[in-house]
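Let's take a walk through the charged side chains of this model. Have the structure open and follow along pair by pair.

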Amino acid sequence: MEPLEMPPPALTLSSDDMLNDISTAPTTPDGSLTFSPVLQALRLREALEDNSRGRIQRARAEARSSPALSGARNSEVRNICCVGAGYVGGPTAAMIAFQNPHIKVTVVDRDITRIAQWKSKHLPIHEPGLQLLIRIARDGAKDFSFPNQPSRSFSEDTLSSSSRTSSCTSQCSDHGEQLYFPSRTPNLFFSTEVAACIADADIVMIAVNTPTKRRGLGAGRATNMTALEAVTRVVALNAKPGAIIVEKSTVPCRTADMIQSIMKCLRPDSDFEVLSNPEFLAEGTAIRDLLHPSRILVGSSSTPSGVRAAEMLSSVYESWVPRSRIKTTNTYSSELAKLSANAFLAQRISSINSISAICEAVGANVSEISQSMGLDPRIGNQFLKSGVGFGGSCFKKDILSLCYIATSCGLPEVAEYWEQVLKINAWQSSRFVRRVLKHLNGTLIAKKLVVLGFAFKGGTGDVRESPSLECIKELLEDEPKEIAIFDPYCKPQEVRDEIERTCGKDVLIEHGGVVEVYLDPYEACAGAHAVLVMTDSEEFKTSLSPEHRSFNLKDPRPFDRLHPKESEVLELEVFLEKTLGISDPLQRYVDEPACDEDCDTCCKIERNVNEGGGARHENLKLDWARIAYHLAMPKWVFDGRGVLDADIMTELGVNLVSVGVANDLHGR
């Protein structure tokens, strides 16, 4: 099914060219509270008082009783446009489209290459489960049926995707026997026609990058709002009257005011509501987080129209999220909640990493400490895993933003507190490198080191703010013979680009340097003097994590309704795929879009296979016996994520050094 013909923009004075003219003005103009993340404590207090809980509750009651709202819940949201095809926009839009077949969802971006990837079978990001959502929402699905009773002898023969509608319909009278699902047309689209798609949308989600400023006022701390401001101007000039604007990007407090001011300035005769709807996704588990969110936060103004807008957005999520998990707040609380959540998670990591240093000094084991603390219900067991430090595009950026806000509010003590979290994080990765050097006799000359895992965490290909990169930069100072890198999820060229951007191209082996990126882990480890495990990818572990063991899977049938939700069908599909070992167990996929004959990605995959390197090594457990056999003597493995079993490695003749565990080998 081809995308529907888009109507012309609501206003003719705008074009996508505005995105090419991104403002370089400071994000915090002098004297402007509305446009600035620099908050004045007195003004903020007054604003929060104006949005007291009692006022909001009264507005909600009024909104729920209005005729407009009842219609909005059922029929008004028919078209959603998500601006930004990155780690937030892509998966979020895919999930919304998957769960709401009646809503047209379009992801727009000016990056032609990225949009082309989203349209192909080579998605630009790696997220477990994302491909399945894309296959259904973007490509559509065949009709299919399945028995509604679990069966140990369940086989592929019991599934049907034929068009035998009459037979399936007759069986649907007893939903304990067979459930039938009709074919589904595509409702997820990707486009570079930004203005046209915005003009047609009932809800416009803004999910663009908001990095830390590198220069100007607030450099190194404040959030760079350049992209968000530019997109807001395009939205203002093209959105239809009454459209709801939603912040998905992580932004400082009062950003909704900035967006609203731009909308009012450029469209004074039109009314728009601006909502805050932050994402709480973890890369590597984003699809699981979207399927089973701990909460959906929707921040709005306390006016009846603001509350109606919040209810409309909530109705989109209610397709699969229980209403009890959809929380509504004022806009400022929603914006600050995202920054606060990431700051607290990062704080826990730095806290346990600080304890790991004490463990190494006194002979304790940080894993045992974590298990003990995790049993305390007041603490919980999440984010108590010691390692080489946190990375990624969120934690550091959001803590810096929080520090900037605190300083701007005249709260230097608060800023200093959160800055210490970042200091401990940087110190932990540097301490890990020093420990490696100590065990290798203080020199890396003529030695080959292997870095297993270059992404900032396991299960993702995101290399932004990677702890591995920081460690590599320090290791290069000691002039090793070679630093070999392997990551089962990262694209080699992206790894090279990140190293070149941070360390310079001269360090890469193709430019006469010592850093080489490998496609095969065994080739990378051959003859190495030390292996550094830098991510917690399942491929690197000596045993599977509990959540990855197949015996934890349960057949979700029988369903208690004739028409299970898409998320329930997805749960069944995952169960069957894992237990039967086949793809598309419900036989509902249509063919993926065919690539051009000269598809660059296909050519690379074919070339890698022909060369014996393998296309990818995802989900293939490393054979540590094979790796250990080819290591140089003495054999050293440095576990920066606590994923290796000490007894197993000892049996292989390997000297294992783990974070948070004392090592007394040779009196060290």
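Which residue does Arg501 form a salt bridge with? The partner is Glu498, and the closest N and O atoms are 2.8 Å apart. By salt bridge we mean a side-chain nitrogen of Lys or Arg within 4 Å of a carboxyl oxygen of Asp or Glu. Before going further, keep in mind that this is a predicted model: local features need pLDDT of at least 70, side-chain atom pairs count only at pLDDT 80 or more, and totals for chains, interfaces and linings use all residues. Residues are numbered from 1 along each chain as its sequence is written, and side-chain values use heavy atoms, with hydrogens and water left out.

Back to our pair. Arg501 and Glu498 sit 3 residues apart, about one turn, in helix α18 (residues 492-503); helices here are DSSP runs of H or I, at least four residues, numbered from the N terminus. The two ends of this bridge have different surroundings: Arg501 is exposed at 53% relative accessibility, while Glu498 is buried at 11%. Those words follow fixed cut-offs, with buried under 20% relative accessible area, exposed over 50%, and partly exposed in between (1.4 Å probe, protein chains only).

Now hop to helix α17 (residues 467-476), where Glu470 and Lys473 are again 3 residues apart, about one turn of the helix. They form a salt bridge too, with the closest N and O atoms 3.7 Å apart. Glu470 is partly exposed because its relative accessibility is 36%, and Lys473, at 30%, is partly exposed as well.

What about a bridge that reaches beyond one helix? Look at Arg588 and Glu573, whose side chains meet at 2.8 Å, N to O. Arg588 lies in the loop between α20 (566-580) and α21 (600-610), whereas Glu573 is in helix α20, so the pair ties together parts 15 residues apart in sequence. Both residues are buried. Elsewhere, salt bridges with shared partners link Arg135, Arg138, Asp139 and Glu592 into one network. Across the whole structure, the search turns up 26 salt bridges.

Let's finish with Arg435, which is found in helix α16 (residues 412-439). With a relative accessibility of 14%, Arg435 counts as buried. A polar atom of its side chain lies 2.6 Å from the backbone oxygen of Val661. Leaving aside residues up to four places away in sequence, Arg435 touches several others, including Glu360, Phe638, Val657, Gly660 and Asn663; touching means contact, that is, heavy atoms within 4.5 Å.

How values were computed: Helix = DSSP H or I, 4+ residues; strand = E, 2+ residues; numbered from the N terminus. Polar contact = N/O pair within 3.5 Å; in protein donor to acceptor, adjacent residues only side chain to side chain.
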